[in-house]
Amino acid sequence: MSLIPSFFGNGRRSNIFDPFSLDVWDPFEGFPFSSAVANLPSSARETTAVANARIDWKETPEAHLFKVDVPGLKKEEVKVEVEDGSILQISGERSKEQEEKNDKWHRIERSSGKFIRRFRLPENAKLEQVKAAMENGVLTVTVPKEEVKKPEVKSIDISG
C-alpha cells in the first residue's frame with residue numbers, strides 16, 4: 001500500500017485529503033499553504049476518505065466474489081446494482097455523526113460521506129443470479145459464472 005496518493009489511472013479518486021495519510025508525514029507542514037486542507041468545505045473533506053471503500057475481488061471456479069468493508073453501515077445504506085448488462089456498481093453513504101454544542105472533539109478519523117465503486121464484469125458472469133449479503137460490516141457480492149464449455153477436440157491422423 002502506497003502512502004503517496006494516486007493522481008492518475010484506474011479511474012480511482014485521489015485520496016490526498018485522507019486524515020490517515022496526513023498523520024503519517026506532511027512534507028509541507030509549517031508552510032503557509034499547509035492550512036489549505038483545513039479550509040476546505042466540509043463536503044470535500046467528508047467524501048474523500050469513504051470514496052475509497054476497500055474491496056477484494058476473488059474469482060473461484062464457480063463465481064466472482066466481491067468483499068467490501070462497510071463497518072457501521074446498515075444494509076439499507078448500501079446499494080448493489082448491475083448497469084448496462086456488464087457493470088457491477090456498489091455504492092453507499094455513511095452519515096456524519098451529530099455534533100452537540102457542548103461536545104469537544106479531540107480526534108476525527110472515522111470517515112463519513114458517499115462512496116461508489118464500479119467493476120466491469122467478464123462475459124461469463126450470470127448477471128440475473130447476482131446475490132448480496134451483509135454480515136459483521138462486510139458486504140459480500142456473489143456473481144455466479146456460466147459453465148465454460150470445453151472445446152471439442154478431434155484427432156487427425158497424419159499420413160505418410
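Two strands are taken to pair if DSSP finds at least two bridges between them. Strands themselves are DSSP runs (E, at least two residues), numbered from the N terminus. The model described here is predicted, so that local features need pLDDT of at least 70 and side-chain atom pairs count only at pLDDT 80 or more, while totals for chains, interfaces and linings use all residues. Residues are numbered from 1 along each chain as its sequence is written, and side-chain values use heavy atoms, with hydrogens and water left out.

A good place to begin is the sheet. Its 4 strands make an open arrangement in the order β1-β2-β7-β6, and their pairing is antiparallel. Because β1 (55-59) and β6 (131-135) each have a single partner strand, they stand at the edges, and one side of each is left without a neighbour in the sheet. On average, neighbouring strands of this sheet are turned by 15° against each other, direction ignored (axes are lines fitted to C-alpha atoms, and angles run from 0 to 180 degrees between N-to-C directions).

Strand β2 (residues 63-69) can now be followed to its partners. It runs antiparallel to β1 and is joined to it by 5 bridges; in one of these pairs, Ile55 has Val68 in β2 as its bridge partner. With 3 residues between them, β1 and β2 form a hairpin. β2 also pairs with β7 (residues 138-144) in the antiparallel sense, over 7 bridges, and here the bridge partner of Lys67 is Thr140 in β7. β2 is mostly covered, as 5 of its 7 residues are buried (under 20% relative accessible area, with a 1.4 Å probe and protein chains only).

Methods. Buried < 20%, exposed > 50% of the residue type's maximum accessible area, 1.4 Å probe, protein only.
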